[in-house]
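Me: I would like to learn how to read the main features of a protein model, one at a time. Could we begin with the space inside it and then work outwards?

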Amino acid sequence: MSVRTPDPDPDWESQSQGEAPAPVPPANPGWLSDIELEEVRQRLPLIYVEAVPVRVDGLGVVVEVGVLLRGTPTGEITRTLVSGRVMYGETLRDALFRHLEKDLGPMAFPLLPASPVPFAVAEYFPMPGISPFTDDRQHAVSLAYVVPVTGTCEPRQDALEVTWMTPEEACAAEVAAEMEGGRGTLIRQALASVGRLP
C-alpha cells in the first residue's frame with residue numbers, strides 16, 4: 001500500500017473505479033514521510049551528495065568559493081555547503097543537480113562533473129570524535145564534489161545567502177569555526193583537490 005508523504009505532490013490524484021476511488025501512487029516513491037525518515041535515520045546510514053560551488057577563471061582555476069549562510073530551526077546562523085539526500089532510484093548526477101538548484105536557485109547554471117567520482121567521501125556521525133564530521137540527527141555518508149557555477153545564485157529553501165570568498169578566505173579558521181558539522185575540513189579538501197589550498 002502506498003503512503004502519501006506530507007509534501008505536496010502535483011502527481012497525486014484519485015481515480016474512480018466503480019464506487020471507491022483508488023489512490024494513484026506519487027510520482028516519486030523514494031520520498032519518505034517525516035516519521036519514516038526518523039525511523040530510517042535510527043537504523044541505517046543515509047547517502048548524501050554535497051557540492052562546493054566555485055567560480056573559475058578562463059583557465060579553469062578556482063578563484064571563488066561559495067558558502068551558504070543559513071538559519072537553523074533553533075535560530076542559529078551557520079555556514080554550510082550545498083547538501084542533500086540521494087533518493088531511491090535517483091542517480092548521483094540527478095541528486096547533485098536537484099540540490100544545487102534547490103540551494104542556489106534555477107539560474108546558477110552549475111557545470112556538473114563529467115565523472116561521478118567525488119573528491120572526498122565524508123562520514124558524518126551523531127557522536128563526535130569518530131571523524132571530523134558530525135550530524136546529530138544521523139549517520140550519513142556524503143559524496144562531495146567541486147562544482148563550478150556560471151550563473152546568478154539566488155538561494156532558496158533555508159539558505160539565506162551565498163557568500164563568495166577567495167580560497168584563502170574560505171580556509172580561514174574563523175570561517176571553519178562557523179561551518180556546521182566540520183564542513184570547514186571539507187572545503188580544505190575540496191581546494192586541495194583542485195590545487196588551490198593556500
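Me: How many cavities of 30 Å³ or more does a search of the whole structure find?

Reply: This is a predicted model, and a search of the whole of it finds one cavity of 30 Å³ or more. About 40 Å³ of space lies in the largest cavity.

Me: Which residues line the largest cavity, and which helix gives the most to that lining?

Reply: The lining consists of L92, R93, L96, L112, P113, S115, P116 and Y145, and helix α2, which covers residues 92-104, gives the most to it with three residues.

Me: How should I read the nonpolar core, and which residues have the most contacts inside the largest one?

Reply: A nonpolar core is a set of buried residues of certain kinds joined through side-chain atoms. Here the largest such core has 26 residues, and V65, L186 and I187 are those with the most contacts inside it. Strands β3 (46-56), β4 (62-71), β7 (120-125) and β9 (140-148), together with helix α5 (183-193), each supply at least two residues of this core. A second, separate core has 17 residues, among them A51, V86, L96 and L143.

Me: What does L186 touch, once its neighbours within four places in sequence are left aside?

Reply: L186 is then in contact with E50, L81, F119, A120, A122, Y124, F133 and A144. For the chain as a whole, among contacts between residues at least 6 apart in sequence, 64% join residues at least 24 apart. The chain that makes these contacts has five helices and 10 strands.

Me: How many disulfides does the structure hold, and are C153 and C171 buried or exposed?

Reply: A disulfide is a covalent bond between the sulfur atoms of two cysteines. The structure holds zero disulfides. C153 counts as buried because its relative accessible area is 16%, under the 20% cut-off, and C171 is likewise buried, at 12%.

Me: Is E174 buried or exposed, and in which helix is its place?

Reply: E174 lies in helix α4, residues 173-178, and it counts as exposed because its relative accessibility is 57%, over the 50% cut-off. The C-alpha atoms of E174 and G184 are separated by 9.6 Å, the two residues being 10 apart along the chain.

Me: What share of the 198 residues is buried, and how much area does the chain expose?

Reply: Buried residues make up 41% of the 198 in the protein chain, while the chain exposes about 11200 Å², of which carbon and sulfur atoms supply 56%.

Terms used:
Residues numbered from 1 in each chain as written. Predicted model: local features only at pLDDT ≥ 70, side-chain atom pairs only at ≥ 80, totals over all residues. Heavy atoms only, no water. Helix = DSSP H or I, 4+ residues; strand = E, 2+ residues; numbered from the N terminus. Buried < 20%, exposed > 50% of the residue type's maximum accessible area, 1.4 Å probe, protein only. Contact = heavy atoms within 4.5 Å. Areas by Shrake-Rupley, 256 points an atom, 1.4 Å probe, with all protein chains shown as cover. Disulfide = S-S within 2.5 Å. Core = buried A, V, L, I, M, F, W, Y, C linked by side-chain atoms within 4.5 Å. 1 Å grid on protein atoms, 1.4 Å probe; cavity = no way out; pocket = protein on both sides within 12 Å on 5 of 7 lines; lining within 4 Å. Points joined across faces, edges and corners; volume = space filled by probe spheres on them.
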